[in-house]
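The exercises below concern side-chain interactions in a protein model. Please work through each task before reading its solution.

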Amino acid sequence: MTLEKARTEAREQLQNVSHRKDPAKDKEDAKNAKTVAELCDLYLAEGVNHKKQSTITIDRGRIETHIKPLIGKEPVASLTQGQVIAFMNDIIKGDKIRRASKSGKPRGVSRVSGGPTAASRSVQLLGAIMEFAIRHHIIKENPAHNIELPKANRREVFLTEGEIRALGRILDCPHWRDLHKTHCDIIKLLLLTGCRRREITNMQWSEVDFTNQVFRFHDTKTGPQNRIFGKGALRLLRELEKNKISDWVFPSIRGDGPITNPLKPLKAMLRTKDDDGKLILDKPDLTIHALRHSFASMGAQMGIHEDIIGLILGHKRHSVTGIYIHTVDKTLVNVADKISLKIESALAGTQENKSKIIKVATWA
C-alpha cells in the first residue's frame, strides 16, 4: 500500500468512526459481499460519503439500470477484465438494457438507453466501485482498470446569433409571456449568464450581489462559488426584483420552493410558427444546457480566450471562483458585460420582427 492510499483509507475510517460506524464490522460485511450487486449496495452505503447527493443519485441510477442487470450476479472475486469489456459492449449496443422504468416522481417514467457515453460512464463507475473493494480487501486487482473507453459521438448544441434572435421572438411572444412568463425569464437569464439550470432555478435573492455583479452561490456542481454576471443579466434581474414576492428569484406557483425544470415549456415554445406556418426556430435538439454552450460560443466568436470564458462560467479548474474570493475582477466583469449585452441585443431583435403575427402550438 502506498502512503497516499494509506492516508485515504485512514481518512475514510476516521469518518466512519465519527458517524458511529464500526470499521471492523464494516470490513466483515464487506467480505460477505460476494456478488457485484451486493458490492454495489455496500458501495452506496459506505463509499460515497465524499460525493454530492446529486452525484449519488446518478450513480445509483447507473447501478440499477446498467451494472446490476448485466453483471450484478457475477462473483466479485472472479470478475475479469474480459467480462467488463463485454459489459461495456452490451451497453454500447443497448439491446440488453431495460428501456423504461418508474422514476421517483408521480407518474414519472425514466427512459434508459445505451450508447458510447453511457458505456464509458458505467465502466468508470464500476472502476470506482472496484477500487472501493480493493480498499476493503475484497479483491486485490481492479478488473475495470486500463480498459480503453469508447469515444462519445457528442455534438455540442448551441445557438448562433441569428438563432438567439429567433428565440427572442418566441420568448417575447404575448402568448408565452402571458402563459409562462417565469419560464421565459429563466430561459433568458440562463442564456445571459451561462449558468447551469439548477443554479438559476434554485437561486435566492440573497445570492445576488447587484453592486458587484456577482452571484454568491451557496452550492453548485463544484461547491460554493462566486460567479460574475454581465449588464444584460443585471437589467433583467432588476426588473424581476421589482415584483419580488419570495426569497426565491423564481418561486414555484405551487408550494413554497423554487420553480423546477423549464425544459418542457421550452420544447413547447420551439413549436411556435410565424404567419407563414414555418417554425421560427427549427432547433428540436435544443436543451437547457445548450444555453450555457451558447453563452460560451458567443464569447468565443467575440475573440475572448477560452480560459476567460471558463472563469465566468465557473469551471472547477479555475480556483479564483472559490467561496473565499470576495473581491471581483473588474476585467472579468467587463468581459461578462460584453457577452451578455451582445446576447441581450440579439434577444431583443428588431421592431419589424416583433410586429409579425406569431402562431403558437398548444402545449401537448
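Conventions come first, followed by five exercises with worked solutions.

The model is predicted, so local features need pLDDT of at least 70 and side-chain atom pairs count only at pLDDT 80 or more, while totals for chains, interfaces and linings use all residues. Residues are numbered from 1 along each chain as its sequence is written, and side-chain values use heavy atoms, with hydrogens and water left out.

**Exercise 1.** Determine how many disulfides the structure has, and state where cysteine 173 stands in this respect.

Solution. A disulfide is taken as a pair of cysteine sulfur atoms within 2.5 Å. Applying this rule gives a count of 0 disulfides. For cysteine 173, the nearest cysteine sulfur belongs to cysteine 184 and lies 8.4 Å away. Next, consider accessibility, where buried means under 20% relative accessible area, exposed over 50%, and partly exposed in between (1.4 Å probe, protein chains only). Cysteine 173 is buried, because its relative accessibility is 5%. Cysteine 195 is buried as well, with a relative accessible area of 3%.

**Exercise 2.** Find the salt bridge of lysine 188 and state which parts of the chain the pair ties together.

Solution. The criterion is a side-chain nitrogen of Lys or Arg within 4 Å of a carboxyl oxygen of Asp or Glu. Lysine 188 meets this criterion with aspartate 172, the closest N and O atoms being 2.8 Å apart. Lysine 188 lies in helix 8 and aspartate 172 in the loop between helix 7 (161-171) and helix 8, so the pair ties together parts that are 16 residues apart in sequence. Helices are DSSP runs (H or I, at least four residues), numbered from the N terminus. As to accessibility, lysine 188 is buried at 14%, whereas aspartate 172 is partly exposed at 26%.

**Exercise 3.** Locate the salt bridges of glutamate 64 with lysine 68 and of lysine 242 with glutamate 239.

Solution. The whole structure contains 16 salt bridges. In the pair of glutamate 64 and lysine 68, the closest N and O atoms are 3.1 Å apart. Both residues lie in helix 4 (residues 53-71), 4 residues apart, about one turn of the helix. For lysine 242 and glutamate 239, the closest N and O atoms are 3.0 Å apart. These two residues are separated by about one helical turn, because they are 3 residues apart in helix 10 (residues 231-242). Lysine 242 is exposed at 63% relative accessibility, and glutamate 239 is partly exposed at 45%. Finally, salt bridges that share partners join Asp41, Glu64 and Lys68 into one network.

**Exercise 4.** Establish which side chain of opposite charge is nearest to aspartate 337.

Solution. Lys and Arg count as positive and Asp and Glu as negative, while His and the chain ends are not counted. Aspartate 337 belongs to helix 14 (residues 330-348). The nearest side chain of opposite charge is lysine 231, at 4.5 Å, and aspartate 337 is buried yet has no salt bridge. Contact means heavy atoms within 4.5 Å. Neighbours within four places in sequence aside, aspartate 337 contacts Gln213, Phe229, Gly230 and Lys231.

**Exercise 5.** Classify the aromatic pair of tyrosine 43 and phenylalanine 132.

Solution. Rings of Phe, Tyr and Trp (its six-membered ring) pair if their centres lie within 6.5 Å; planes under 30 degrees apart count as stacked, over 60 as edge-to-face and the rest as tilted. The count by this rule is 4 aromatic pairs. Tyrosine 43 and phenylalanine 132 are edge-to-face, with 5.6 Å centre to centre and 80 degrees between the planes. The pair links distant parts of the chain, 89 residues apart: tyrosine 43 in helix 3 (residues 36-46) and phenylalanine 132 in helix 6 (residues 116-135). Both tyrosine 43 and phenylalanine 132 are buried.
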